[in-house]
Amino acid sequence: MKIACVGGGPAGLYFAISMKLHDADHQIDVFERNRADDTFGWGVVFSDQTVENLMVNDPVSGATIRDEFAHWDDIDVHIHGECVRSTGHGFIGIGRKRLLAILQDRARELGITLHFEHEASADPADWTDYDLVIAADGANSRIRSAHAEHFDVDIQVRRNKFFWFGTARQFDAFTFAFEQTEAGWVWAHAYRFDDDLSTFIVEMEPETWEALGLDRMDQPEAIALCENIFSRHLDGHTLMSNARHLPGPQAWLNFRRIITGRWSYDKFILLGDAAHTAHFSIGSGTKLALEDAIKLAQVLNRPGLNRAEALAEYQAERNVEVLKLQNSARNSTEWFETLSRYLPFAPIQFAYSLLTRSQRVSHENLRLRDRNWLESVERWFQSQAPGGPANDIAPPMFAPYKLRDMTLDNRIVVSPMAMYSATDGTPNDFHLVHYGARAQGGAGLVYTEMTCVSPDGRITPACPGMYAPDHAAAWRRITDFVHAHTRAKICLQLGHSGAKGSTRIGWEGMDEPLAEGNWPLMAASDVAWSPNNQTPRAMTRADMDKVRDQFVTATHMAIYAGFDMVEMHAAHGYLLSSFITPLLNRRRDDYGGCLENRLRFPLEVFAAMRAAWPADRPMSVRISANDWMGQAGVTPDEAVLIAQAFDAAGADLIDVSAGQTWADCKPVYGRMFQTPFADQIRNEARVSTMAVGNIFETDHANSILAAGRADLVAIGRPHMVDPMWTLRAAAQHDYRGAHVPPNYLAGMSQLGRNLKRAAEQDALLRG
């Protein structure tokens, strides 16, 4: 084939090299707009896996690159006058200019023709002599831009400003330096990439950038200002810029996240940053480009694979890896864009939060990297735990937590999960066994399923209630068991179904109306939950008074029933949620419209419940922090205001869920997918939060807690199949402080031995 590579960066050069290695008869021209020794970056960071891939693909250039890498294991985080160092991270770096020189030499050796200072065309008609044109012309790709409609381009411009400097200062660790100025915080990402130079990226929020006057400074002025801000880190060295083509403040950039839905059009094929970008804070742009090049060369040279099939496989396989890294990069980018949330943290927790920001590095992964440092984090976390003295080293999930006068043994919560097993609202033996078993399983707090405050407030005829004397007595039987045989606390979640009521039990048809015996519904407005559901009537003030009093009555009954805590359910489109979300609230009176009005009735109900509930016992509120309907519904930013309002009304904990407020919402699922909302609310509203949503591993729980993203972690589905989830986690971590019912001590000891033996065998197998 005759192939043109537009762009002489690492992506284009390495693709050309890879194609020649597969078939020396390929005729390949590389066209680069700049001179051979021009480059507009400083260092390039690789992983060990990327180096292995290079060695397999081309041992000649791979060995040259490998031998010239700068290696370092440590990360230094400078914040609030302290330096927190951890090790075991295993970074590898090389100068971008040196990398290009190695690849250029290898390309010439293989017979590839390099054309410099050549402005390539984006018109297919100008490439008639070539079979393929590889668009490896970077994030500002002219080819992609000229044919954006064919490549299905999505570009998101991120908010922070950054400048990619170099310096002769030699950093012996990957360094994050955070400095406070009168205009706001400024920080640097710095790392050595050869014996003489380091990369030094300066980043800040746009408001800080403008307040410092950088929007009006030329490069020499900007460099002088940054040198002054980071003087104690530069140790007398200067900052250097090679952004010659970007005069004045234009040298400051906003990162552009690029996604393309199609990677080929006509004879053009996108490669590397032209197809996708990943934020510099995770250092994977060049890695992705080189691995794209390897894969594309493989499929184009595979016998029996036509071009369409080859390009489909190229995009399908590489897109999976790209999406993984872009998701991690998004998390990392957002961490730096919301830095103010974490600045109040102690330096050690701030560093932990930074290291785990992308979710690619977890609690146990840090233990593998640097056990001593992680144990110092665990020791610190235990020492900060409210409700208990400083303990020995232990995973964060086993730290106590205090809400008013209620102290929890640990931070694990059994989520409220609908069981649809009550009779006329009365819990029975099923509930005794269900809740009793999970309380014996070691969780610090067990939630009931949503328990309804009236017969017409039930979701289904099989939902439990708290509106009749028999209900309180039946619940008392359960709480007595929990208190007599475990150290768990138990929370009653009270709610009213609103427009989502009068439906069949879950396994007979979720959200399907009853075949017969339906009861009338009411909600904030006459908006049906779905086309299949009844249309509720809009509540009158008299209805509100009645419902408020039902919640209060249920709260009084919860005292007699022996509950340690009560939660008001104001999420998921149920009655109180129907007031909060503008998707369901269409009212034109004092209870509709602005957020203050939409919160008026839920806050009234909560205040009445709080007045009825003992002052020494805690209360929580479950909210939907995101309606997943953009600006049309509740957004995470608005959820912060909602949480602050309930906090001011006396809530001790915000149970942060999301969605289920609109039948056509489009949630973005994934592991821990709702935790970012708990993080934002906790660290912007400064309230206690509980994280929920697809949290299923101890590693998830410990990472969330240690990073300060939530105070409690609710585990739902795993507790359905394993009531002893928390005790199993204690055995896994060899944690001896968990309360084990004496009847189960022998089994717990055996479980610990089995898990230890399995870990040792696994370690042997890993070599």
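**Figure 1. Parallel pairing of strands S20 and S30 in the predicted model.** Strand S20, residues 412-414, and strand S30 pair in the parallel sense over 3 bridges. Within this pairing, Val 413 has Ala 714 of S30 as its bridge partner. Strand S30 spans residues 712-715 and is covered on both faces. Leu 712 and Ala 714 lie on one side of S30, Val 713 and Ile 715 on the other, and all four are buried.

**Figure 2. Strands S29 and S30 with the helix that connects them.** Strand S29 (residues 689-691) pairs with S30 in the parallel sense, over 2 bridges. Met 690 has Leu 712 in S30 as its bridge partner. From S29 the chain passes through helix H22, residues 698-706, to S30, and this β-α-β crossover is right-handed. Leu 712 is also one of the buried residues of S30, on the side that it shares with Ala 714.

**Figure 3. Strand S1 and its pairing with strand S2.** Strand S1 covers residues 2-6 and is mostly covered, with 4 of its 5 residues buried. S1 runs parallel to strand S2 (residues 27-31), to which 5 bridges join it. One of the bridge pairs is Lys 2 with Gln 27 in S2. Between the two strands the chain crosses through helix H1, residues 10-22, in a right-handed β-α-β crossover.

**Figure 4. Strand S1 and its pairing with strand S9.** S1 also pairs with strand S9, residues 132-135, in the parallel sense. The pairing of S1 and S9 comprises 4 bridges. Here Ile 3 has Leu 132 in S9 as its bridge partner.

**Figure 5. An open antiparallel sheet of 3 strands.** The strand order is S3-S7-S4, and the pairing is antiparallel. Strands S3 (43-46) and S4 (70-72) are the edge strands, each pairing on one side only. From one strand to the next, the twist averages 30°. Strand S7 (residues 91-95) is joined to S4 by 3 bridges, and the two run antiparallel. His 71 stands opposite Ile 92 in S7.

**Figure 6. The aromatic pair of Phe 162 and Phe 280.** The structure holds 37 aromatic pairs. In the pair of Phe 162 and Phe 280, the rings are 4.6 Å apart centre to centre, with 45° between the planes, and the arrangement is tilted. The pair links distant parts of the chain, 118 residues apart. Phe 162 belongs to strand S10 (residues 153-167), whereas Phe 280 sits in the loop between strand S17 (268-270) and helix H10 (285-300). Both Phe 162 and Phe 280 are buried.

**Figure 7. One aromatic cluster.** The cluster is formed by Trp 72, Phe 91, Phe 174, Phe 176, Phe 178, Trp 187, Tyr 191, Trp 335, Phe 336, Tyr 342, Phe 345 and Phe 350. Strands of the open sheet contribute to the cluster: Trp 72 falls within the residue range of S4, and Phe 91 within that of S7.

**Figure 8. Two basic side chains over aromatic rings.** Arg 169 lies over the face of Phe 171, at 4.5 Å from the ring centre. Lys 500 lies over the face of Tyr 574, where the distance to the ring centre is 4.8 Å.

How values were computed: Residues numbered from 1 in each chain as written. Predicted model: local features only at pLDDT ≥ 70, side-chain atom pairs only at ≥ 80, totals over all residues. Heavy atoms only, no water. Buried < 20%, exposed > 50% of the residue type's maximum accessible area, 1.4 Å probe, protein only. Pairing = 2+ DSSP bridges. Right-handed = clockwise from strand over helix to strand, strands pointing away. Axes fitted to C-alpha atoms, helices over the stretch in contact; angles between N-to-C directions. Phe/Tyr/Trp six-rings, centres within 6.5 Å; stacked < 30°, edge-to-face > 60°. Lys NZ or Arg CZ within 6 Å of the ring centre and 35° of its normal.
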